[in-house]
Amino acid sequence: MSVVVAGVGMIPFATPRHSESYDRMGAEAARRALGDAGIVLADVDQAFVGYVYADSAAGQTALYGLGPTGIPVVNVNNWCASGSTALWLGRQAILSGTADCVLVLGFEQMARGAIAPTYVDRPDSLWRFAERLPEDEPEAPVAARYFGAAGRAYLDRYDADVSLFAEVAVKARRHAASNPAAVFRDPVTVEEVLGSPHVFGPLTRLQCCPPTCGAAAAILCSEDFARSRGLDASVRIRAQSMTSDLPDSFAGDPIALIGAGIARRAADAVYEAAGVDPEEIPVAELHDCFTANEVISYEALRLTPEGTATRFVREGQNTYGGRVVTNPSGGLLSKGHPLGATGLAQCAELVGQLRGRAGARQVEGATLALQHNLGLGSACVVTLYESVRGLG
């Protein structure tokens, strides 16, 4: 049985200084998804809500902005993969038959500055990872230390030049220029990226995603529900996998520590379940929280063989006219990364692509789309969407 993505909605992302409160953002994204699907909240059986920086039951607080309905509301906190974890749960509810229609929502109201621990009087959920942080530059933001160390390991392993990562940032801005919902849309050059303030290892400021606020949502339903209501059933989730760490994540390889292994396992499971070869993927939204992670993800997801990312990028295989358009939205680097909303924003972009409604960002002829959303700790969700226009 397929799960239909009947509607999507998101609000333009913003920096913390210009953001509304999470409840207002969440309610508006949910309202837009319902409107896109052509249903009302009373038609929804269950809701799954992803976020990181809000109190328990914040999902109810946001959805009550549309009116209390008495339905189950499940709050999900899985770091940066919170939104796609909620999507994974919503799909399971449909597949199990316990719901015909679910609302999946993600939002985040972030503070200015780098991510820092919220609680200092109890074990940090990332303590196993923190034990393996690089000892140099301890004053750098903690997330940059993880991904910067992985980037440095990649450059050393494959004798790659640091400009490889800078080119990814340039591509992200070029794509974001056509996305009115993105935070940063002005173009940058490789020289500007490399000349921006140093953060950690090979990473500079323009290679790190900004603290962002925003919300996005999706309506999932069964084929029968869509058919009975006359809904757009042209986009469906064909396969999906969610993974967490195995011991090899902590065996000393910085690239494995930041989720390359769990991404590979999730992607392989999706390709096998769908009977799809990675070469068939024309468009993908990847978790580019840092430029290094986008490069590492190309190979983890088998979009290009291991050690070949330099050629992949230099030949333009990651953009329009190449083999696969990665992050047509501008990605986390330019669209922004409101943690709980990111997975649903990726979903909204890819659904728009498969409907043929992405405007200047449209990847022509796309009938498959891949989503990769990662949270350290760890959780990785890989989702394959398909277009079945004319069959819905």
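The following exchange asks how several descriptions of this predicted model are justified.

User: Why is Glu386 called buried?

Analyst: Glu386 has a relative accessible area of 14%, and buried means under 20%, so the residue meets the criterion. Glu386 lies in strand β12, which covers residues 379-387.

User: What makes the link between the side chains of Glu386 and Arg238 a polar contact?

Analyst: The two side chains are joined at 3.4 Å, and the cut-off for a pair of N or O atoms is within 3.5 Å, so the pair counts as a polar contact. Arg238 also appears among the residues that Glu386 touches, a list that includes Ser234, Val235, Arg236 and Leu354 when residues up to four places away in sequence are not counted.

User: How do you know that β8 and β12 pair?

Analyst: Pairing requires at least two bridges between two strands, and 8 bridges join β8 to β12, so the two strands qualify as a pair. They run antiparallel, and one of the partnerships places Val235 opposite Ser387 of β12 as its bridge partner.

User: Why do β1 and β8 count as paired over 2 bridges?

Analyst: The requirement is at least two bridges, and strand β1, residues 3-10, is joined to β8 over 2 bridges, so the requirement is met. The sense is antiparallel, and in β8 the bridge partner of Val4 is Arg236.

User: What makes strand β8 mostly covered?

Analyst: Of the 9 residues in β8, which spans residues 235-243, 7 are buried, and for each of those buried means under 20% relative accessible area.

User: Why is Thr204 called buried, and which residues does it contact?

Analyst: With a relative accessible area of 7%, Thr204 falls under the 20% limit, so it is classed as buried. Thr204 is placed in strand β6, residues 203-204, and, leaving aside neighbours within four places in sequence, it is in contact with Val193, Leu194, Ser196, Pro197, His198 and Val199.

User: Why does Ala140 count as buried, and where does it lie?

Analyst: Ala140 lies in the loop between α4 (127-130) and α5 (142-158). Its relative accessibility is 10%, and the limit for buried is under 20%, so Ala140 is counted as buried. Not counting residues up to four places away in sequence, Ala140 touches Arg145, Val199 and Phe200.

User: How many residues apart in sequence are Ala140 and Pro202, and what is their C-alpha to C-alpha distance?

Analyst: Ala140 and Pro202 are 62 residues apart in sequence, while their C-alpha atoms are 12 Å apart in space.

Key:
Residues are numbered from 1 along each chain as its sequence is written. This is a predicted model: local features need pLDDT of at least 70, side-chain atom pairs count only at pLDDT 80 or more; totals for chains, interfaces and linings use all residues. Side-chain values use heavy atoms; hydrogens and water are left out. Helices (H or I, at least four residues) and strands (E, at least two) are DSSP runs, numbered from the N terminus. Buried means under 20% relative accessible area, exposed over 50%, partly exposed in between (1.4 Å probe, protein chains only). A polar contact is a pair of N or O atoms within 3.5 Å; within protein, one must be able to donate a hydrogen and the other to accept it, and residues adjacent in sequence count only if both atoms are side-chain atoms. Contact means heavy atoms within 4.5 Å.
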